[in-house]
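Visitor: Could you take me through this protein step by step, as I am in my first year and would like to see how each answer is reached?

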Amino acid sequence: MPPMISFPSAPVLNVQNGVATITLNRPAHRNRLENDDLRTLLLHFEKVNQDPEVRVLVLTANTEGQPRPVFCAGYDIGSFGEADPHAVAFEQVPDALAALRPITICGLNGSVYGGATDLVLACDLRLGLQGAEWRMPAAALGLHYYPSGLQRYLRLFGESAAKRAFLSARTFNTQQLVQLGIFEEFVSLDEWSLKLSAWVQELQSLAPLAAQETKKSLNELASGQVNLQVLASRQELTKHSADFAEGRQAFMERRKPIFKGL
């Protein structure tokens, strides 16, 4: 995993051995997101998508010095309504994250609030830190949430839990999040680094072409876009790929496959 970051800044991108890690990096302000942070995240996403060597992206946060770990306190509400000609609509960020080519993991190493909860949902997979809380206070602030975020909540939380999140603005604790089934698991701080690293290694071992094409299909099906011809073409692509040939050969030889994304 990347080294600890010493100075507060916009989100930091580190790419190493096929793994991109984006770290939210304003721990003294509970990693709240400002307009510059949103722009930076979009630039990081674009860079990751253009790097064919990156197979996995981890989204996490610097929580150093916080009395209780907070992954992200959400968007800086003081920035709402600012006359910034370069302002980024918040929903662009989770929408772009959800559409990324690599498999994405949210390493939720602290509590999460507001719009940042949609960043967590926009990742493909999620690992949580024990004791983390989750709260969506949009209605308590007088705000109707944006459509794509509501869709993600409904799809992953289910109708009852999504209504509880938005219409009561009450906090979900770790046990309630476990019951939703959207996290792989919640682990202790002592286990955190080893668990996250092990999970990344498992995902890196998958055939990248098959994983990335399957991710596209799953995202489309989940959003109601059903094009059987496109899905079948992806199936044919992987059936005739060098990776599938290598996977079959490795299985017969009882060894780990060496995939190249071809």
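Guide: Let us begin with a term: two strands are said to pair if DSSP finds at least two bridges between them. The model we are looking at is a predicted one. With that in mind, one open sheet of this model has 3 strands whose pairing is parallel, and their order is β4-β6-β8.

Visitor: Which are the edge strands of this sheet of 3 strands?

Guide: An edge strand pairs on one side only, and in the order β4-β6-β8 this holds for the strand of residues 70–72 and for the strand of residues 134–135. The edge strands are therefore, taking pairing as at least two bridges, β4 and β8.

Visitor: How many bridges join β4 to β6, and which residue stands opposite Cys72?

Guide: Strand β6 covers residues 111–113 and runs parallel to β4, to which it is joined by 2 bridges. Opposite Cys72, in β6, stands the residue you asked for, Val112.

Visitor: What is the order of the strands in the open sheet of 6 strands?

Guide: The pairing in this sheet is mixed, and its edge strands, each of which pairs on one side only, are β1 (12–16) and β9 (185–187). Neighbouring strands are turned against each other by 20° on average, if direction is ignored. Reading across the sheet, the order is β1-β2-β3-β5-β7-β9.

Visitor: In which sense do β1 and β2 pair, and what is the bridge partner of Gln16?

Guide: Strands of a sheet can pair through backbone hydrogen bonds in either a parallel or an antiparallel way. For β1 and β2, the latter spanning residues 19–24, there are 5 bridges and the sense is antiparallel. Within β2, the bridge partner of Gln16 is Val19.

Visitor: Which strands does helix α1 touch where it packs on the sheet?

Guide: Helix α1 is made of residues 35–49, and its direction makes about 175° with that of β2. The strands that α1 touches as it packs on the sheet are β1, β2 and β3 (56–61).

Visitor: Are helices α9 and α10 roughly parallel or roughly antiparallel to each other?

Guide: Helix α9 takes in residues 208–222 and helix α10 residues 228–239, and their axes come within 10 Å and cross at roughly 170°. Angles over 145 degrees count as roughly antiparallel. The two helices, α9 and α10, are therefore roughly antiparallel.

Visitor: Which residues of α10 make the contact with α9?

Guide: On the α9 side the contact is made by Leu209, Ala210, Glu213, Lys216, Ser217, Glu220 and Leu221. By class, the residues of this contact between α9 and α10 divide into 5 nonpolar, 2 polar and 4 charged. The residues that α10 brings to the contact are Leu231, Arg234, Leu237 and Thr238.

Visitor: Which element gives the largest share of the lining of the largest pocket?

Guide: The largest pocket holds about 770 Å³ of space, and of the 28 residues that line this pocket, the closest to its centre are Ala98, Asp124, Lys215, Leu218 and Asn219. Elements giving two or more residues to the lining are α2 (92–98), α3 (116–122), β7 (125–129), α5 (147–157) and α9. By class, the lining has 12 nonpolar, 7 polar and 9 charged residues. The largest share, 9 residues, comes from α9.

Visitor: How much space lies in the largest cavity, and which element gives the most to its lining?

Guide: The structure holds 2 cavities of 30 Å³ or more, and the largest cavity has about 40 Å³ of space. Its lining is formed by Arg55, Ile103, Leu203, Leu206, Pro208, Ala211 and Gln212, which divide into 5 nonpolar, 1 polar and 1 charged. With 3 residues, the element that gives the most to this lining is α9.

Terms used: Residues numbered from 1 in each chain as written. Predicted model: local features only at pLDDT ≥ 70, side-chain atom pairs only at ≥ 80, totals over all residues. Heavy atoms only, no water. Axes fitted to C-alpha atoms, helices over the stretch in contact; angles between N-to-C directions. Helix = DSSP H or I, 4+ residues; strand = E, 2+ residues; numbered from the N terminus. Parallel < 35°, antiparallel > 145°, perpendicular 65-115°, else oblique. Contact = heavy atoms within 4.5 Å. Nonpolar A, V, L, I, M, F, W, Y, C, P; charged D, E, K, R; others polar. 1 Å grid on protein atoms, 1.4 Å probe; cavity = no way out; pocket = protein on both sides within 12 Å on 5 of 7 lines; lining within 4 Å. Points joined across faces, edges and corners; volume = space filled by probe spheres on them.
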